[in-house]
Amino acid sequence: MALKFIVMVGPAGSGKSTLTMQLASAMESLGATVVKVNFDPAEDKPPYEPDVDVRDYVTAEEFMEKGLGPNGALVSAIDSLINHVDKVREEVEQFRPDYVIVDTPGQLEPFAYRVGGPLVLDALIQDDKAVTVFLMDSVFFESPADIVSILTLASSVNVRLRRPQVNVISKADLLSPEVVNNVLPMLHEEGYLEAAVRDSKVLSGTELNLSLSLARALYEAGYIGEILPVSAYDDVSLKELYGKVQEVLEGGDDYRIYDVDEDQGD
Ligand SMILES: Nc1nc2c(ncn2[C@@H]2O[C@H](COP(=O)(O)OP(=O)(O)OP(=O)(O)O)[C@@H](O)[C@H]2O)c(=O)[nH]1
Ligand SMILES: [Mg+2]
């Protein structure tokens, strides 16, 4: 059966698991059925009850018991998931859900930048529709140079995972009023981010030139335009994210309340 995947990706502690839980419940409150998948072999206590858990098949601890350190164990656990991913998918299919939210490992780097992570994701998703939700912690948005860095990481993950990607500012409730009122509305303006990096005076020499070039490239690639501030504790922002995700997955128009009946029998 055809499934629709929402893949939560972001640096450690960026809020992936909390957003998985809160977005699922916002979607359910609008009538959609959602399966939550813990795709992190090292996470034994996500803040929600997973409907499907890769730890039923493989855990990072098994590899630590064989002598690997925590990072090596995670890498090996992700690599070995390829042997179990068909079963994970079968479990998901049994729910016949409208959407599947995949909560990926805390450590983004071994997941997205080695071969194993993208490979197991591809094997899970097959030819179905999927969108990556990339979480950028609001703390990065307090400094223009950090905005350039986190957007560069987002673009790099986009290229690695090769899927439509919605970039969100997570924990948006923690953004300062200065950023909300004066920075975010200006971000998409040509030259704004470069000027802000220059004016902040935290960089000089090679680092300044690099940051300015990256800011320019991000702008020219159209990568700064749509960034969605989302707080796991703000229902309106969760519904906006749901609308955005639907737009990408259904190729539809603006946000609309999901009509579950429409998709039954897929
Ligand atoms: N203020 C605020 N805190 C949040 C929000 N979302 C998550 N947090 C907090 O951020 C911390 C990390 O959240 P998690 O959901 O565990 O983040 P994660 O990306 O899954 O973390 P790892 O899987 O360990 O990488 C927790 O203390 C959460 O309570 C939010 O929208 N607002
Ligand atoms: Mg997590």
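These are my notebook entries on a domain record, a ligand, a pocket and a cavity in this structure.

**Entry 1: getting oriented.** I began by reminding myself that this is a predicted model. Next I checked the UniProt record, an unreviewed entry, which places the feature "domain: AAA+ ATPase" at residues 2–173. I then looked up the make-up of that stretch: over residues 2–173 the chain is 43% helix and 19% strand. The C-alpha atoms at its two ends are 35 Å apart.

**Entry 2: the ligand.** Which residues are the closest to ligand 1? I found G13, K16, T18, D173 and A232, out of 14 residues that surround the ligand. I went on to three of these names for their contacts. G13 uses its backbone: an N or O atom there lies 2.8 Å from an oxygen atom of ligand 1. K16 brings a polar side-chain atom to 2.8 Å from a ligand oxygen. T18 also offers a polar side-chain atom, and this one lies 2.5 Å from an oxygen of ligand 1. How much of ligand 1 does the protein bury? Taken alone the ligand exposes 650 Å², and the protein buries 70% of that. I also sorted the shell by residue type and noted 7 polar, 4 nonpolar and 3 charged residues.

**Entry 3: the largest pocket.** Here I wrote down a space of about 190 Å³. The pocket is lined by 13 residues, and Q165, V166, N167, E226 and K244 are the closest to its centre. Which elements give two or more residues to this lining? They are β6 (165–170), β7 (227–229) and α11 (235–250). The largest share, 3 residues, comes from β6. By type, I have the lining down as 6 nonpolar, 5 polar and 2 charged residues.

**Entry 4: the cavity.** My last search covered the whole structure, and it turned up 1 cavity of 30 Å³ or more. For the largest cavity I noted a volume of about 40 Å³. Its lining is made of L187, E189, G191, Y192, L193, E194, A215, Y219 and I224. Two or more of these residues come from each of α9 (192–200) and α10 (205–220). Which element gives the most? That is α9, with 3 residues. Sorting this lining by type gave me 6 nonpolar, 1 polar and 2 charged residues.

**Entry 5: for a fresh pair of eyes.** If you are new here, you could start at G13, K16 and T18, which are among the closest residues to ligand 1. From there, β6 is a handy place to pick up the largest pocket, with 3 residues in its lining.

How values were computed:
Residues are numbered from 1 along each chain as its sequence is written. Chains are lettered from A and ligands numbered from 1 in the order in which they are written. This is a predicted model: local features need pLDDT of at least 70, side-chain atom pairs count only at pLDDT 80 or more; totals for chains, interfaces and linings use all residues. Side-chain values use heavy atoms; hydrogens and water are left out. UniProt positions are given in the numbering used here, feature names are shortened, and annotations may be inferred rather than shown by experiment. Helices (H or I, at least four residues) and strands (E, at least two) are DSSP runs, numbered from the N terminus. On a 1 Å grid over the protein atoms alone, a cavity is a set of points where a 1.4 Å probe fits but cannot get out, and a pocket is an open set with protein on both sides within 12 Å along at least five of seven lines; lining residues have an atom within 4 Å of a point. Grid points are joined across faces, edges and corners, and a volume is the space filled by probe spheres set on the points. Ala, Val, Leu, Ile, Met, Phe, Trp, Tyr, Cys and Pro count as nonpolar, Asp, Glu, Lys and Arg as charged, and the others, Gly among them, as polar. A residue is near a molecule or strand if one of its heavy atoms lies within 4 Å of it. A polar contact is a pair of N or O atoms within 3.5 Å; within protein, one must be able to donate a hydrogen and the other to accept it, and residues adjacent in sequence count only if both atoms are side-chain atoms. Accessible areas come from the Shrake-Rupley method with a 1.4 Å probe; for residues, only the protein chains shown count as cover.
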